[in-house]
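Let's walk through this structure together, from the overall layout to the interior and then to one residue on the outside.

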Amino acid sequence: MGADAKTAMKVEMTDAAARRIAKIVSGEAGKTALRVSVEGGGCSGFSYKFDLVDTRNDDDVAIEKDGATVLIDDLSLVYMGGSVIDFVDDLMGQSFQIRNPNAVASCGCGTSFSI
C-alpha cells in the first residue's frame with residue numbers, strides 16, 4: 001500500500017472525543033477501548049456501531065490519543081478512511097459524531113450514511 005493509500009485510510013479523533021472516550025473507559029471495569037465499526041443497514045445504507053471492548057483483534061487498527069484508544073477493524077476502515085471521530089456536547093445533547101468524507105448522504109440520526 002502506497003503512502004497516499006495509507007493516508008486515505010487514516011482515521012483521527014478530536015481532543016474532545018479522546019477525553020470522553022478515556023472518561024467512559026475508565027468508568028467501565030475491564031474495558032480498554034471503544035470499538036467503532038460499520039455495518040450494513042440503517043436508513044442510509046450503512047450505520048456506525050459503538051461498543052466498549054476489552055480485547056483487540058488481529059485485524060484492528062488502533063487510534064490512540066491522550067489515553068484513549070479507538071479500535072477499527074480492516075473492513076470498517078475501508079468505509080471510514082479519512083474520517084474524524086468527534087464528541088459533541090451542545091443543546092441537542094451529547095454524542096459521538098463521525099465526519100466521513102466518503103459519505104455522500106447521511107440521515108438525521110447521524111449514525112447512518114451512504115457512499
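How many helices and strands make up the secondary structure of the chain? There are 3 helices and 9 strands, where helices (H or I, at least four residues) and strands (E, at least two) are DSSP runs numbered from the N terminus. Along the sequence they follow the pattern α-β-α-β-β-β-β-α-β-β-β-β. Please keep in mind that this is a predicted model, in which local features need pLDDT of at least 70, side-chain atom pairs count only at pLDDT 80 or more, and totals for chains, interfaces and linings use all residues. Residues are numbered from 1 along each chain as its sequence is written, and side-chain values use heavy atoms, with hydrogens and water left out.

Now look inside. Of the 115 residues, 37% count as buried, meaning under 20% relative accessible area with a 1.4 Å probe, protein chains only. The largest nonpolar core (buried Ala, Val, Leu, Ile, Met, Phe, Trp, Tyr and Cys residues joined through side-chain atoms within 4.5 Å) has 20 residues, and Met13, Ile21 and Met80 are among those with the most contacts inside it. Elements giving two or more residues to this core include helix H2 (15-26), strand S2 (33-40) and helix H3 (74-80). H2 gives the most, with 4 residues.

Met80 is a good place to pause. Beyond its neighbours within four places in sequence, Met80 is in contact (heavy atoms within 4.5 Å) with Val11, Val36, Val38, Tyr48, Ile72, Ile98, Asn100 and Asn102.

Finally, turn to Leu75, which lies in helix H3. Leu75 is exposed (over 50%), with a relative accessible area of 60%.
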